[in-house]
Amino acid sequence: MLYEKYTLDVPYEKGGVSADGCKAELTAIIPDRLPNDTRNLSKKALLICPGGGYDYCSVREAEPIAMRFASFGLAAFVLNYSCVKKLFPTNLLELAAAMAFLRDNAERFGIDKNGIYTCGFSAGGHLAASLGVHWNKSFAYEPLGVDAKYIKPNGQILCYPVITSGKKRHDGSIQNIAADDKKLWELASLEKQVGTHTPPTFIWSTCDDNLVPVENTLMFMSALAANKVPFTGHVFGNGVHGLALSDESTANYDGHINKECAEWTELAREWLKKL
């Protein structure tokens with residue numbers, strides 16, 4: 001198995017944001033090819049954005065997620081992005097740079113350039129979805145000197161994501177990336193940014209999420225449906241916020257163990273097979 005870390009070269013200044021205190025790191029977790037596998041297939045890749053309210057990157061939603069999907073045969077990459085009052089589009093530029101890095105190095109990693117998917121949790125779900133709705137905006141791709149489609153995800157997996165800056169927002173996440181800038185609040189309300197350009201989406205949450213209201217997921221699904229974007233959505237009956245893998249491997253306490261929600265990884269695996 002390949003396990004390596006890389007520091008990304010992110011064009012903060014070209015993107016009009018401060019590089020002060022910023023550092024974006026990518027961890028690669030790629031399973032070895034099976035000894036007798038003669039198919040010589042490039043792997044699909046998952047680019048993971050942990051949650052943490054844009055205050056920190058949760059370790060529970062980082063390498064454990066990568067290891068699970070690596071066990072499914074995918075190449076997995078975890079983005080440790082800059083946090084705490086890093087105004088939009090700071091984190092988006094970091095994720096876009098990570099996507100470009102993977103496509104630049106697709107042959108090296110043995111991955112399919114046309115099979116790179118994002119996977120985000122909570123605020124990391126907001127970051128992943130931000131790339132999904134903003135990849136074709138000049139502020140996302142021009143600083144990198146690439147065509148817009150070079151940073152477009154081929155699909156996105158959003159896990160109990162922060163979506164809106166409206167009444168049902170997770171206030172801490174939105175304040176961290178938008179402060180008091182009304183224009184940034186509008187750009188951060190992702191249900192308003194969905195269009196036919198948005199990639200296929202797998203999204204899930206729980207009815208009684210205690211931190212990020214389920215309406216965030218429902219609003220995004222409604223916007224996807226209105227724009228005829230293919231999506232698969234799951235709203236589980238109950239479960240606390242931050243379930244990660246929903247089993248013992250990522251549990252801090254018993255509430256993080258949820259047998260019903262733990263099915264999400266297999267559901268996402270089957271969804272990926274169809275793309």
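Which loop holds Pro200? Pro200 sits in the loop that links helix H7 (182-188) to strand E7 (201-206). Before we look at its surroundings, please keep in mind that this is a predicted model. The mean pLDDT of the protein is 97, and 99% of its residues reach 70 or more. Among the elements, strand E6 (residues 155-159) has the highest mean pLDDT, 99, while helix H3 (residues 106-109) has the lowest, 96.

## Around Pro200

Is Pro200 buried, partly exposed or exposed? Its relative accessibility is 23%, so Pro200 counts as partly exposed. Leaving aside residues up to four places away in sequence, Pro200 touches Asn154, Gly155, Gln156, Val229, Pro230, Trp271 and Leu275. Tyr117 is 83 residues away from Pro200 along the chain, and the C-alpha atoms of the two are separated by 9.7 Å.

## The sheet and the helices on it

Let us turn to the sheet. It is open, has 8 strands with mixed pairing, and follows the order E1-E2-E4-E3-E5-E6-E7-E8. Why is one side of strand E1 (2-7) and of strand E8 (231-236) left without a neighbour in the sheet? Each of these two strands stands at an edge and has a single partner strand, so one of its sides has no neighbouring strand in the sheet. From one strand to the next, the twist averages 15°.

Within this order, strand E3 (residues 43-49) and strand E4 (residues 75-80) run parallel and are joined by 4 bridges. Ile48 has Val78 of E4 as its bridge partner.

Two helices that pack on the sheet deserve a look. Helix H1 (residues 63-70) touches E1, strand E2 (25-30), E3, E4 and strand E5 (111-121), and the direction of H1 makes about 30° with that of E2. Helix H2 (residues 90-104) also packs on the sheet, with contacts to E1, E2, E3, E4 and E5. The direction of H2 makes about 155° with that of E5.

## Nonpolar cores

Which residues have the most contacts inside the largest nonpolar core? They are Leu26, Leu47, Phe77, Leu79, Leu102, Ile111 and Ile151, in a core of 52 residues. H2 gives the most to this core, with 10 residues. Another core lies apart from it and has 29 residues, among them Phe72, Ile157, Tyr160 and Leu243.

Leu79 makes a good place to zoom in. Not counting residues up to four places away in sequence, Leu79 touches Leu8, Ala24, Glu25, Leu26, Leu47, Ile48, Pro50, Cys57, Glu94, Leu95, Ala98 and Leu127.

## Helices with a buried side

Helix H6 (residues 171-178) has these buried residues: Ser173, Ile174, Asn176, Ile177 and Ala178. They span an arc of only 165° around the axis, which places them on the same side of H6. The cover over the buried residues of H6 includes H2, helix H4 (123-134) and H7.

In helix H9 (residues 264-273), the buried residues are Trp264, Thr265, Ala268, Trp271 and Leu272. Their arc around the axis is only 120°, so they lie on the same side of H9. Among the elements covering the buried residues of H9 are E3, H1, E5, E6, E7 and E8. Trp271 has already appeared above, as one of the residues that Pro200 touches.

## Backbone details

Two residues other than glycine with positive phi are set out below.

| Residue | Phi | Place | Relative accessible area |
|---|---|---|---|
| Ser122 | near 55° | loop between E5 and H4 | 7%, buried |
| Ala179 | near 50° | loop between H6 and H7 | 30%, partly exposed |

Why does Ser122 count as buried and Ala179 as partly exposed? Buried means under 20% relative accessible area, and exposed means over 50%. Ser122, at 7%, is therefore buried, whereas Ala179, at 30%, is partly exposed because its value falls in between. Along the chain, Ala179 follows H6.

One more backbone detail is worth a visit in your viewer. Where is Pro89 found? Pro89 belongs to the loop between E4 and H2. The peptide bond leading from Phe88 to Pro89 is cis, with omega near 10°.

Key. Residues are numbered from 1 along each chain as its sequence is written. This is a predicted model: local features need pLDDT of at least 70, side-chain atom pairs count only at pLDDT 80 or more; totals for chains, interfaces and linings use all residues. Side-chain values use heavy atoms; hydrogens and water are left out. Two strands pair if DSSP finds at least two bridges between them. Axes are lines fitted to C-alpha atoms, for helices over the stretch in contact, and angles run from 0 to 180 degrees between N-to-C directions. Contact means heavy atoms within 4.5 Å. A nonpolar core is a set of buried Ala, Val, Leu, Ile, Met, Phe, Trp, Tyr and Cys residues joined through side-chain atoms within 4.5 Å. Buried means under 20% relative accessible area, exposed over 50%, partly exposed in between (1.4 Å probe, protein chains only). pLDDT is the predictor's confidence in each residue, from 0 to 100. The arc is that of the directions from the helix axis to the C-beta atoms.
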